[in-house]
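Me: I am new to this structure, and I would like to learn how to read the way its helices and strands are arranged. Could you take me through it step by step?
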Amino acid sequence: MPKILLIEDDVELAQVVADALELEGHSVEHVTDGADGFDRIVHYHFDLAVVDRALPTMDGLEICRQYRAKNGAVPILFLTGKDAVVDKTAGLDAGADDYLTKPFAMPELSSRVRALLRRPGSLTAASISAGDLTLTLATGKLEREGTEIPLLAKELQLLSFFMRNPNRYYTSSDLLEKLWKSDSESTEEAVKQTVSRLRKKIDEPGKDSRITTTRNLGYKFEL
């Protein structure tokens, strides 16, 4: 399941975009603040970022420039409300892979998203290993020594996050913010239940769980 970061301060437009992309099977994480979006694309795994130009605290051009300066490789689809050639090329020169001018038709956005996700390196190279576990992000397939371990969508998102950010504690609130929608009614109990199900699927009898819990610190995935 491709994971898309949407950095857009127009909440109504963002909701329409997120709904359309999720209908196509993508997982969408939405933020409205440029600096917050930059922090997420730098520190967490995404397969694509859709970035608006005009954003509070840090505009889209600066996000692109600074992310590429850090050798960030995630494809970026740039959104701009300005239709002059100089404005469009500014986004590409800053590091965007493609752009759309507002207003745009959702089928065109969807088509450009699919095209960017098909590019070599966006999904096909994505596999993560931890011990005898191998997670292929392109297919969402988790295997242990060639045997597939079926995962539900949220279990897959959680495991992918843990495997890309190992040996670090995350509270239930952290995980809710990163993996559950901000407008969701999910609670910390939902996180607890998802972790519990995931443990049952990936842990081996007689061995310590890879997902440890420490009071006042949270959850940690250990390599």
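Reply: What follows is a short walk through a helix pair and a sheet, and please keep in mind that this is a predicted model.

Me: How are two packed helices described?

Reply: Two packed helices are described by the angle between their axes together with the distance between those axes. In this model, helix H6 (residues 153-164) packs against helix H7 (residues 172-179) at an angle of about 110 degrees, and their axes are 11 Å apart. Because angles of 65 to 115 degrees count as roughly perpendicular, H6 is roughly perpendicular to H7, and the crossing of the two helices is right-handed.

Me: Which residues make the contact of H6 and H7?

Reply: From H6 come Lys154, Gln157, Leu158, Phe161 and Phe162, while H7 contributes Leu175, Lys178 and Leu179. By character, the residues of this contact divide into 5 nonpolar, 1 polar and 2 charged.

Me: What is the order of the strands in the sheet, and which strands stand at the edges?

Reply: The sheet is open and has 5 strands in the order S2-S1-S3-S4-S5, with parallel pairing. Strand S2 (27-31) and strand S5 (98-101) stand at the edges, and each has a single partner strand, so one side of each is left without a neighbour in the sheet. On average, neighbouring strands of this sheet are turned by 20 degrees against each other, direction ignored.

Me: Over how many bridges do S1 and S2 pair?

Reply: Strand S1 (residues 3-7) pairs with S2 over 5 bridges in the parallel sense, and Lys3 stands opposite Ser27 in S2.

Me: Where does helix H5 lie?

Reply: Helix H5 (residues 106-118) lies across S1, strand S3 (48-52), strand S4 (76-80) and S5, and runs at about 175 degrees to S5.

Methods: Residues numbered from 1 in each chain as written. Predicted model: local features only at pLDDT ≥ 70, side-chain atom pairs only at ≥ 80, totals over all residues. Heavy atoms only, no water. Axes fitted to C-alpha atoms, helices over the stretch in contact; angles between N-to-C directions. Helix = DSSP H or I, 4+ residues; strand = E, 2+ residues; numbered from the N terminus. Parallel < 35°, antiparallel > 145°, perpendicular 65-115°, else oblique. Left-handed = near helix turned anticlockwise from the far one by under 90°. Contact = heavy atoms within 4.5 Å. Nonpolar A, V, L, I, M, F, W, Y, C, P; charged D, E, K, R; others polar. Pairing = 2+ DSSP bridges.
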